[in-house]
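Colleague: I should like to understand how the descriptions attached to this model are justified. Could we go through the reasoning step by step?

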Amino acid sequence: RCLADGTLIIDMSSSEPGSTIALQEKLRARGIDYVDAPVSGGVVKAESGELSIMCGGTEEAFARAKPILEPLGKSLVHIGGPGSGNVAKVLNNLLSATNLAAAAEVLSVADKFGIAPEAMIEVINHSTGRSQATEIKYPKDILTHSWSSGFAFDLMVKDLKIAERVANNLSVGLSVTGATLVLVQEARQALGNGRDH
């Protein structure tokens, strides 16, 4: 046995919530606290200490983890019990991917009509259709063709597959975001390895 009673483990990876729950139960039985604390915000927010950190675990474990995590994040939220941080992360990424895909369709229609993508993005970002995808990713990474968000496409695919399994296990239909899951998997197959999301 390597870890002493009272040890706190903070896992900041994105993982399957089922395996996280099982691991937390095993560790708790051994007197070890465990918090799943995946992050969102990318490289820029990591460097500035403004990540969004979503935490799953017991109230006691979260209370111990909070002062350690606070310097890393602008938003630190205790989502709920074990595994809930992981669920929140993959659902956030599912919505993020859907926003990216929806904006791509809108910009394609605008472009075919003769509206420059940059002009359409400006309209969207001053209107109700705006999202993090249109406010940051399209102007900075996509329209410039820099593809430099710092988040690998393979990681996005992994998270979306986890989100799909969570929804299926809970018998929740994904009539809107399910289309994104199909699109992302087709894109992954077409683009190959090493791509930015």
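**Helix α1 and residue Asn86**

Modeller: In this predicted model, the buried residues of α1 are Pro17, Thr20, Gln24 and Leu27.

Colleague: What puts the buried residues on the same side of α1?

Modeller: Around the helix axis they cover an arc of only 90°, and therefore they lie on the same side of α1. On the other side of α1, the exposed residues are Glu25, Lys26 and Ala29.

Colleague: Which elements do the buried residues of α1 pack against?

Modeller: Their partners are the strands β1 (8-11), β2 (33-36) and β4 (51-56), together with the helices α4 (84-113) and α7 (153-169).

Colleague: How do you know that the span of helix α1 agrees with what it should be?

Modeller: Helix α1 comprises the 13 residues 17-29, which at 1.5 Å a residue should span 18 Å. Its end C-alpha atoms are 18 Å apart, so the two values agree. After α1 comes Gly31, which has a positive phi, near 80°.

Colleague: Why is Asn86 called buried?

Modeller: A residue counts as buried when its relative accessible area is under 20%. Asn86, found in helix α4, has a value of 1%, so Asn86 is buried.

Colleague: Which residues is Asn86 in contact with, leaving aside its neighbours within four places in sequence?

Modeller: Asn86 is in contact with Ser13, Ser14, Ser15, Glu16, Pro17, Thr20, Asp36 and Pro38. Two of these, Pro17 and Thr20, are among the buried residues of α1.

Colleague: How far apart in space are Asn86 and Val109?

Modeller: They are 35 Å apart, C-alpha to C-alpha, with a separation of 23 residues in sequence.

Technical notes:
Residues numbered from 1 in each chain as written. Predicted model: local features only at pLDDT ≥ 70, side-chain atom pairs only at ≥ 80, totals over all residues. Heavy atoms only, no water. Helix = DSSP H or I, 4+ residues; strand = E, 2+ residues; numbered from the N terminus. Expected span 1.5 Å × (residues − 1). Buried < 20%, exposed > 50% of the residue type's maximum accessible area, 1.4 Å probe, protein only. Arc of directions from axis to C-beta. Contact = heavy atoms within 4.5 Å.
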